[in-house]
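Work through the exercises below with the sequence and the model open side by side. Try each task before reading its solution.

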Amino acid sequence: MFPDSDFLALGLSQTDLTNLKNIGRTEQTHVTTLLTGIAAAGFKPVAPCTYKFGFKTAAEMVAIAGVLENVGVSA
């Protein structure tokens, strides 16, 4: 949604940016794995949800991503 330059302008390093992108890919893998497991168990997965977090800048996105990651880790 935002160009890399927006994140680098926040002071994130290229490594930080790579890690942020990896988190997104990992979360998508979690979704795929869970949906596959539910279907393999003979159940119909629920329809995907659509979330609107309301962020308009890369800084807001990073802040929200941090909160969501911390909630997920502590769950």
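**Exercise 1. Fold content**

How many helices and how many strands does the protein chain have?

Start with the ground rules. The model is predicted: local features need pLDDT of at least 70, side-chain atom pairs count only at pLDDT 80 or more, and totals for chains, interfaces and linings use all residues. Residues are numbered from 1 along each chain as its sequence is written, and side-chain values use heavy atoms, with hydrogens and water left out.

Now count. Helices (H or I, at least four residues) and strands (E, at least two) are DSSP runs, numbered from the N terminus. The protein chain has 3 helices and 0 strands. Read from the N terminus, the order is α-α-α.

**Exercise 2. Overall shape**

Find out how the radius of gyration of the protein chain compares with the globule rule.

Take the rule first: 2.2 Å times the number of residues to the power 0.38, with the radius taken over C-alpha atoms. For 75 residues it gives 11 Å, and the chain has 15 Å, well over that, so the chain is more spread out than a compact globule. Next, check the box. Along the principal axes, the C-alpha atoms fill roughly 50 × 25 × 25 Å. Then check burial (under 20% relative accessible area, 1.4 Å probe, protein chains only). Of the 75 residues, 9% count as buried.

**Exercise 3. Helix α2**

What span does helix α2 reach from its first C-alpha to its last?

Locate the helix: residues 14-40, 27 residues in total. The expected span is 1.5 Å times one less than the number of residues. That expectation is 39 Å, and α2 reaches 39 Å. Look past the helix end. G42 follows α2, and its phi is positive, near 90°.

**Exercise 4. Two residues, two settings**

Decide whether I23 and K44 are each buried, partly exposed or exposed.

Recall the classes: exposed is over 50% relative accessible area, and partly exposed lies between the buried and exposed limits. I23 sits in helix α2. Its relative accessible area is 37%, so I23 is partly exposed. I23 and A65 are 42 residues apart in sequence, and their C-alpha atoms are 9.3 Å apart.

Turn to K44. It lies in the loop between α2 and α3 (58-74). Its relative accessible area is 77%, so K44 is exposed. L68 is 24 residues from K44 along the chain, and 26 Å separates their C-alpha atoms.
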